[in-house]
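The exercises below are to be worked with the sequence and the coordinates side by side. Each task is followed by a solution that proceeds step by step.

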Amino acid sequence: MRAIILAESSQCDLSPLTKQVPHPLLPLAGKPILMHALEVLQRNSIKHVEVVAPTLHKQLAAAID
């Protein structure tokens, strides 16, 4: 199975939290929100995941690796 995660949010204002950290990398229970989503997909045997983040791709890739 495949999944797509839309990891950018231009309509959600979480400032001042997002001045330094993008929305998907905000911590929730000790780890980035994006990692929670990836772990749920992995637990459900979804191995092919596309993370769509046109302007944040370098930051997100660094955080995931």
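**Exercise 1. Determine how many salt bridges the whole structure holds, and establish how exposed the partners are.**

Solution. The coordinates are those of a predicted model, and a search of the whole structure returns 1 salt bridge. The partners are Glu39 and Lys31, whose closest N and O atoms lie 2.6 Å apart, which is inside the 4 Å cut-off for such a pair. Side chains of opposite charge can pair when their charged atoms come close. To classify the partners, recall that a residue is buried under 20% relative accessible area and exposed over 50%. Glu39, with 25%, is therefore partly exposed, and Lys31, with 27%, likewise counts as partly exposed.

**Exercise 2. Describe the order of the secondary structure elements and the overall dimensions of the chain.**

Solution. Begin with the inventory, which comprises 2 helices and 4 strands; read from the N terminus, these elements follow the order β-β-β-α-β-α. Next, consider the dimensions: along the principal axes, the C-alpha atoms fill a box of roughly 35 × 25 × 20 Å. The radius of gyration is 12 Å, which agrees with the value near 11 Å for a compact globule of 65 residues. Finally, turn to the contacts between residues at least 6 apart in sequence, of which 64% join residues at least 24 apart.

**Exercise 3. Identify the residues of the largest nonpolar core, and state which element gives the most to it.**

Solution. The largest nonpolar core has 11 residues in all, namely Ala3, Ile5, Ala7, Leu25, Leu34, Leu38, Leu41, Ile46, Ala53, Leu56 and Leu60. Strand S1 (2–6) and helix H1 (33–43) each supply at least two residues of this core, and H1 gives the most, with 3 residues. In soluble globular proteins, nonpolar side chains tend to be buried together. Leu34, one of the core residues, illustrates the packing: beyond its neighbours within four places in sequence, Leu34 is in contact with Ile5, Pro24, Val51, Leu60 and Ile64.

**Exercise 4. Locate the nonpolar surface patch made by Ile4, Leu6 and Val52, and place it against the accessible surface of the chain.**

Solution. Ile4, Leu6 and Val52 together make a nonpolar surface patch of about 320 Å². Val52 belongs to strand S4, residues 48–52, and its relative accessible area of 35% makes this residue partly exposed. For the chain, the accessible surface comes to about 5,000 Å², with 58% belonging to carbon and sulfur atoms, while buried residues make up 23% of the 65 residues.

Note on methods
Residues numbered from 1 in each chain as written. Predicted model: local features only at pLDDT ≥ 70, side-chain atom pairs only at ≥ 80, totals over all residues. Heavy atoms only, no water. Salt bridge = Lys/Arg side-chain N within 4 Å of Asp/Glu carboxyl O. Buried < 20%, exposed > 50% of the residue type's maximum accessible area, 1.4 Å probe, protein only. Patch = residues over 30% accessible without salt bridge, like charges linked within 9 Å, V, L, I, M, F, W, Y side chains within 5 Å. Areas by Shrake-Rupley, 256 points an atom, 1.4 Å probe, with all protein chains shown as cover. Core = buried A, V, L, I, M, F, W, Y, C linked by side-chain atoms within 4.5 Å. Contact = heavy atoms within 4.5 Å. Rg over C-alpha atoms; globule rule 2.2 N^0.38 Å.
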